[in-house]
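Please look over the sequence and the structure shown here, and then follow the explanation below, which leads from one helix to its surroundings.

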Amino acid sequence: VSIRSEGTCSRMAKSSEKPRLRQIPSSEDMEAEGTLPEAGAESSDPARARVEPTRPGSSVKEPERTQKMMQPQEELVLQQAYLWDSYQRVQHQLLKRQPLADSPVVPTIHAGHRPLSRAQSSPATATVSLPAQDTASKTLSLPVQEQPAKPHFTTGLVYDSVMLKHQCSCGDNSNHPEHAGRIQSIWSRLQERGLRSQCECLRGRKATLEELQCVHTERHVFLYGTNPLNRLKLDNGKLAGILSQRMFVMLPCGGVGVDSDTIWNELHSSNAARWAVGSVTELAFKVATRELKNGFAVVRPPGHHADPSTAMGFCFFNSVAIAARQLQQKGKLSKILIVDWDVHHGNGTQQIFYRDPDVLYISLHRHDDGNFFPGSGAADEVGAGPGEGFNVNVAWTGGLDPPMGDPEYLAAFRTVVMPIAHEFSPDVVLVSAGFDAADGHPPPLGGYKVSAKCFGYMTKQLMSLAGGAIVLALEGGHDLTAICDASEACVSALLGNELDPLPEESMRQKPNPNAVRSLETVIQVQSKYWVALQRFASKLGCSFLEAQHHEAEEVETVTALASLSVAVMVEKRPQDEPMEEEEPMNQ
């Protein structure tokens, strides 16, 4: 490891010799590294940090003025890493000079104006498509009235540029599907469509090492939750021993990874991963305490493949699992539902709660009898011990012949997900919202055909649980257009906007035979734990419209039966039994 990191540093040093650097990392970056204790109060709120209007030319001079105060007393290695980071930021600013130079002509804006440094804090290599970045910097330099003086009861969004910095030293996103452009483009899309202004926008925060350890082992937390800077502050005898055992792989692109997929950036990955966890946790608490109506966390790296002691599949810490554990332990919530609709099974989440009856985990994923990554998540994995029956896998089989899409996911929600969820009756709902089942992902990354509208519809259905207390956290999804469309549909649903109708074809089509077989297996396995499932076993093959028609007929029948039993009760002595038998039909 040491040889490799020296190589990286010498590379950084060379690049940083070019310009004479006049800009140092912004206070938010310093705070993220934990080197600026006094920045916490000043920059915890992005809209109020540095509210004084920016004067032309001040964006470079002001950091220079505070340089002496902020200069960390660290070894040369870290200074070189920072210089490299700053150099990239300056390059990015030069690229974007036009919009940045234009913006100071609005000096009257106060609380709603986001600091300009946000637009240039993302490294130039952050995204595949420059247009997406263009819109990001333009929108960030516009006055955005997205943080009113007092929080209002609405949808919360969480995002921060700290999470952009987890990127491979090779600087080429085409090698790495899980890149910074994913969250950047979603954040820009929510702005362009006017959704961000209707939401409460939060910066999030970095999870503490203690929070990480409520799910992960101490060794895992030290390996992936620390960087060279904050290790200097950790007075822990075990740390050196743990770090000496680290195993990294050299990637074909020239970068470093914990495996062939999951890149590692020694300076920034730990902060990004901890920021994702802290952001999901903070949002979950605000929703669980009813400070916010619901929420969507635009975070990376993802988390659902991370188990207590392993980083894999782009994941280091299991953000949704940690948020759930924290809600159990500190929020005293008794029942939590986690729905995972990422196309890959959330092996980490399943493992963490496998014996826990208070966390119901429901995953819909491509399984193909264990032949699709990560291979876990068969329908007969139902939980163990006290948690038996609280792990539900809708394990799609049959490959892409034909691929699963809206009719199949709608059928799964109607016959498995929602009946079990209502019967469980959770206090809060957390969604591992991966969008790689969306149309637009090639076969190795998914190959399914779920529409953005369908993701919006599934969100709306889950909002009928837990009094609407639901938080979606981004997991996978790598086609930028598909994940932007899906995120937009989900946020729109969370805001309570009228949903676009589902595509006509989606509503008329019956689920394909492979899907019906997969759902039959799930119901067969799970019906001994959930009585609500038996009612749907015979209607698995129905299209969305047919199912609606059947339900309307059922309601009529139930109404007729109810009036009949009322007449009988009037004639006889009142009896409780007939009404009790009728109630499940009414739900």
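The paragraphs that follow treat a helix, a nonpolar core, a strand and some cysteines.

This is a predicted model, in which local features need pLDDT of at least 70 and side-chain atom pairs count only at pLDDT 80 or more, while totals for chains, interfaces and linings use all residues. Residues are numbered from 1 along each chain as its sequence is written, and side-chain values use heavy atoms, with hydrogens and water left out.

A good place to begin is helix α18, which covers residues 406-424; helices (H or I, at least four residues) and strands (E, at least two) are DSSP runs, numbered from the N terminus. The expected span of a helix is 1.5 Å times one less than its number of residues, so the 19 residues of α18 should span 27 Å, and this agrees with the 25 Å between its end C-alpha atoms. At Phe413, α18 bends by about 45 degrees, the bend being the angle between axes fitted to the seven residues ending there and the seven starting there. Ser425 follows α18 and has a positive phi, near 55 degrees.

Because 17 of its 19 residues are buried, α18 is largely enclosed by the rest of the structure; buried means under 20% relative accessible area, exposed over 50%, and partly exposed in between (1.4 Å probe, protein chains only). The largest nonpolar core (a set of buried Ala, Val, Leu, Ile, Met, Phe, Trp, Tyr and Cys residues joined through side-chain atoms within 4.5 Å) has 127 residues, and among those that touch the most other members are Trp341, Tyr409 and Leu430. The largest share of this core, 11 residues, comes from α18. Leaving aside neighbours within four places in sequence, Tyr409 is in contact (heavy atoms within 4.5 Å) with residues including Leu364, Trp396 and Met458.

Strand β9, residues 428-433, is likewise largely enclosed by the rest of the structure, because six of its six residues are buried. Both of its faces are covered, with Val428, Leu430 and Ser432 buried on one side and Val429, Val431 and Ala433 buried on the other. Strands pair if DSSP finds at least two bridges between them, and β9 pairs in the parallel sense with β6 (residues 336-340) over five bridges, one of them joining Ile336 to Val428. Five bridges also join β9 to the parallel strand β10 (residues 470-474), where Val429 has Ile470 as its bridge partner.

The cysteines come last. The structure holds zero disulfides, a disulfide being a pair of cysteine sulfur atoms within 2.5 Å. The sulfur of Cys253 has its closest cysteine sulfur in Cys168, 3.7 Å away, which is too far for a bond.
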